[in-house]
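Please work through the following exercises with the sequence and the structure open beside you. Each task is followed by a solution that proceeds step by step.

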Amino acid sequence: MRKIGLILLAVLLSGCSLGTNSIKARIAVALDRASEVRLTMNQNQNKSTYDYYLAPDIGRRESSLSSSVLFAHNANILMNLDIVSVLSDRFYETEGSDPLRKFILNSTPVYQRSDDVITIDKRLMTYVATISPVENNIVLISLQTRYFLFTAIAPFASAPDLLYDMLVVCRTATISEDQIILLYSNRETINYQKETLDIFSQLA
């Protein structure tokens, strides 16, 4: 009887592993597909600081000069403009060859991938896709580029679809650097950390 119990436990554990690996494989396929989408569309979301294209099946709940809250696959997606990186590029030398700022994660990622894609304005853009556990089967899904950070809290199984949408939107996004400099460079401090910490309240 004990032997049968151990066999059943092994089957269950292998099933969980196969399910996780299957989702990771789907994520890789989704990111590849998003990288290959032909960007023939016109930007239909326009702010003074940034513009981007939003497909008809993606909603927009809120929008400001530094962020937008999108909705897809039953999850909120926070699209944050990384103002600090824009200012750093204009006024400071970036240390090292890594173009992306480092964000502290509270847990070890269960998935991470970095790659380069071509944007709507024909630039080569580096992105990092990361999935970190939150609780049970809920994960923090993020896609970071030089000037944007996309985040969503959703079931792990939703990660392929959400990362696909994030990367397509991000490839269509452009910034108005001069306008950002005009709006933010004269501020004594930029409370960007607070904006980033507000991710969880906006995604809830």
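**Exercise 1.** At roughly what angle do the axes of helix α2 (residues 83-91) and helix α4 (residues 177-184) cross, and within what distance do they come?

*Solution.* The model is a predicted one, and in it the axes of α2 and α4 come within 10 Å and cross at roughly 100°. Angles of 65 to 115 degrees count as roughly perpendicular, and α2 and α4 are therefore roughly perpendicular to each other. On the α2 side the contact is made by Ile83, Val86, Leu87, Arg90 and Phe91, and on the α4 side by Glu177, Asp178, Ile180, Ile181 and Tyr184. Sorted by character, the residues of this contact divide into 7 nonpolar, no polar and 3 charged.

**Exercise 2.** Determine in which order the strands of the open sheet follow one another, and which of them are its edge strands.

*Solution.* The sheet has 7 strands, and reading across it gives the order β3-β4-β5-β9-β8-β7-β6, with antiparallel pairing. The edge strands are β3 (59-63) and β6 (111-118), each of which pairs on one side only. Neighbouring strands of this sheet are turned against each other by 20° on average, when direction is ignored.

**Exercise 3.** Describe how strand β5 (residues 75-81) is joined to β4 and to β9, naming bridge partners.

*Solution.* Begin with strand β4 (residues 67-72), which runs antiparallel to β5 and is joined to it by 6 bridges; within β5, Leu78 is the bridge partner of Val69. These two strands form a hairpin with 2 residues between them, and His73 in the turn has a positive phi of about 55°. Turn next to strand β9 (residues 148-155), which is also antiparallel to β5 and is joined to it by 4 bridges. In β9, Phe148 is the bridge partner of Leu81, while Thr151 is the bridge partner of Leu78. Leu78 thus has one bridge partner in β9, namely Thr151, and is itself the partner of Val69.

**Exercise 4.** Is strand β5 largely enclosed or largely open, and how do its residues point?

*Solution.* Count the buried residues, taking under 20% relative accessible area as the cut-off: 7 of the 7 residues of β5 are buried, so the strand is largely enclosed by the rest of the structure. In a regular strand the side chains alternate between the two faces of the sheet. Here Ala75, Ile77, Met79 and Leu81 point one way, whereas Asn76, Leu78 and Asn80 point the other way, and all of them are buried.

**Exercise 5.** Follow the chain from β9 into helix α3 (residues 159-172), and decide how far the helix reaches and how much of it is buried.

*Solution.* The loop between β9 and α3 holds Ser158, which counts as buried because its relative accessibility is 19%. The C-alpha atoms of Ser158 and Ile138 are separated by 9.6 Å, although these residues lie 20 residues apart along the chain. Helix α3 itself has 14 residues and reaches 20 Å from its first C-alpha to its last, close to the 20 Å expected at 1.5 Å a residue. Of its 14 residues, 12 are buried, so α3 is largely enclosed by the rest of the structure; among them are Asp165 and Arg171, as well as Leu162, Leu163 and Met166.

Note on methods. Residues are numbered from 1 along each chain as its sequence is written. This is a predicted model: local features need pLDDT of at least 70, side-chain atom pairs count only at pLDDT 80 or more; totals for chains, interfaces and linings use all residues. Side-chain values use heavy atoms; hydrogens and water are left out. Buried means under 20% relative accessible area, exposed over 50%, partly exposed in between (1.4 Å probe, protein chains only). Two strands pair if DSSP finds at least two bridges between them. The expected span of a helix is 1.5 Å times one less than its number of residues. Axes are lines fitted to C-alpha atoms, for helices over the stretch in contact, and angles run from 0 to 180 degrees between N-to-C directions. Angles under 35 degrees count as roughly parallel, over 145 as roughly antiparallel, 65 to 115 as roughly perpendicular and the rest as oblique. Contact means heavy atoms within 4.5 Å. Ala, Val, Leu, Ile, Met, Phe, Trp, Tyr, Cys and Pro count as nonpolar, Asp, Glu, Lys and Arg as charged, and the others, Gly among them, as polar.
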